[in-house]
Every structure is written in structure tokens, then in C-alpha cells.
Amino acid sequence: KIPRDHKRKAVAPRRHFNVVQRAPLSPRLSTLAGKTVYIINSWPGDTHGFGNVEKALDAYLRDKYAGIKLEYRTRMSYSSDDPRLWAEMKEKADAFVYFAAPSCSTTACAVTWPARSIERAGIPGVVVLYRYLEQDALLSREREGMCIRLAETEFPCTDISEGDLAALLGEIEDALFRPLTPEELEGGPFHPPPPGGAVRRRRWG
């Protein structure tokens, strides 16, 4: 029989992040003219549903920036490290646009790898994702300690309106140029607090 005054310690079952080391984003560009931009797809073909957006982005950038070069790459495994691709980009890329997919884990990884291997190599970019998966991107951003820029659209986007498509293209472009905010320049240790409920919408510290 356990005495009434007996005390025990229990660990809350909710997940906690370890202390993370924040890192600033890469400096933004002043133009894409004559630059090489890598377009990275998380899933092969148009299985991620962004095919029409990529086609429009291609035409938009080529029409607006003389001499721009667009390099398309598809991840062999969205969740695995890809040192060869990161090394290639470090040598050749001036910027990147990383397309996620209609998947929680894929969206999280679409933030993870730019934070760990692309922005940290000095290459500015943006992750394009579906709005309903924003929380997965924000949590991944917090876990990696880097405020990766996001451009969001509704799912599915196969019938996206001309106005919404134009806005999305502008958001992608703006993410490559807009000067970094103090928040995006922060470094040093960050202590993520425990979650206060089932869903959090914290954007940063």
C-alpha cells in the first residue's frame, strides 16, 4: 500500500523540443537577371500538384529577368539527405524555390533540408506549400532554428484563379528579394516552450 504522502515524478507525454541553435537566413538578391535558380520538387512529375504553378513561374521569371537560368531537380527521397545535390547547388545556384507536396511529412522536410543544407550554404530561397499544411512547416522551422520563408496557396491549386496565381508568383519573387527582418537575422540558442494545446500557430520566438 502506497502512503498518502508519497510523491512521484511524472513526465508529460507531450513532445518537447531540445534547445536549438538559431541561424540567420541568407542575404537576399537584388535581381535574378543572369542568375541560376534551382527549382526543387519534393515528389516526381506533377504528383505534388504544383505543375501549373511551376509552368507559370518558369514563364514569369524568364520573361522578366534576362539571362536567368532555371535548373529543375526532383528529390529521389523527400525525407533523405542529398549531399550531392546540396554540393551542386552550393557551386552553381544563386537562389532556390522548393516545392512541397500535399503531405505533412513532406512539407516538414521541405523546410528541414533548406534550413540545414541550402540557406546555411548562403543560398536564399523560399518553400512553396499548401496552406492547410502551414503548421507542419512552422513546427519544422522552429525545430531547425531558421525562419525559412514560405509562400502558400490553397489545395488543390490545379484550378487556381489568375488573380491568386499572380499573387502567389509575386509572393515567391518577393521572398527572394525582400530585405531580412530582425527576426530572420536572429542567432543563438532558442528554447521552444512546451505546446499549449493540440495545435499551435507560433511563428517564431
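This section describes the secondary structure, the central sheet and the helix packing of a predicted model.

The protein contains five helices and seven strands. Read from the N terminus, these elements follow the order β-β-α-β-α-β-α-β-α-β-α-β. Of the 205 residues in the protein, 48% are buried. The accessible surface amounts to about 10900 Å², and carbon and sulfur atoms account for 53% of this area. Contacts distant in sequence are prominent in the count: among those between residues at least 6 apart, 80% link residues at least 24 apart.

Five of the strands form an open sheet with the order E3-E2-E4-E5-E6, in which the pairing is parallel. The edges are occupied by strand E3 (69-74) and strand E6 (150-153). Each of these two strands has a single partner, and one side of each therefore lacks a neighbour in the sheet. On average, and with direction ignored, neighbouring strands of the sheet are turned by 20° against each other. In general, the strands of a sheet are paired through backbone hydrogen bonds, in either a parallel or an antiparallel sense. At the E3 edge, the parallel pairing of strand E2 (residues 36-41) with E3 extends over six bridges. Within this pair, isoleucine 39 is placed opposite tyrosine 72 of E3.

Helices H2 and H3 both lie across strands of this sheet. Helix H2 (residues 83-92) lies across E2, E3 and strand E4 (95-99), and its direction makes an angle of about 160° with E2. Helix H3 lies across E2, E4, strand E5 (125-130) and E6, and runs at about 160° to E4.

In addition to its position across the sheet, helix H3 (residues 104-118) packs with helix H4 (residues 134-144). The two axes are 8 Å apart and form an angle of about 35°, and the crossing is right-handed. On the H3 side, the contact is made by Cys104, Thr107, Ala108, Val111, Thr112, Ala115 and Arg116. The residues contributed by H4 are Asp136, Ala137, Ser140, Arg141, Arg143 and Glu144. Classified by residue type, the contact of H3 with H4 comprises five nonpolar, three polar and five charged residues. Helix H3 is thus described by two sets of partners: strands E2, E4, E5 and E6 of the sheet, and helix H4.

Technical notes. Residues are numbered from 1 along each chain as its sequence is written. This is a predicted model: local features need pLDDT of at least 70, side-chain atom pairs count only at pLDDT 80 or more; totals for chains, interfaces and linings use all residues. Side-chain values use heavy atoms; hydrogens and water are left out. Axes are lines fitted to C-alpha atoms, for helices over the stretch in contact, and angles run from 0 to 180 degrees between N-to-C directions. Helices (H or I, at least four residues) and strands (E, at least two) are DSSP runs, numbered from the N terminus. A crossing is left-handed if the near helix is turned anticlockwise from the far one by less than a right angle, and right-handed if clockwise. Contact means heavy atoms within 4.5 Å. Ala, Val, Leu, Ile, Met, Phe, Trp, Tyr, Cys and Pro count as nonpolar, Asp, Glu, Lys and Arg as charged, and the others, Gly among them, as polar. Buried means under 20% relative accessible area, exposed over 50%, partly exposed in between (1.4 Å probe, protein chains only). Accessible areas come from the Shrake-Rupley method with a 1.4 Å probe; for residues, only the protein chains shown count as cover. Two strands pair if DSSP finds at least two bridges between them.
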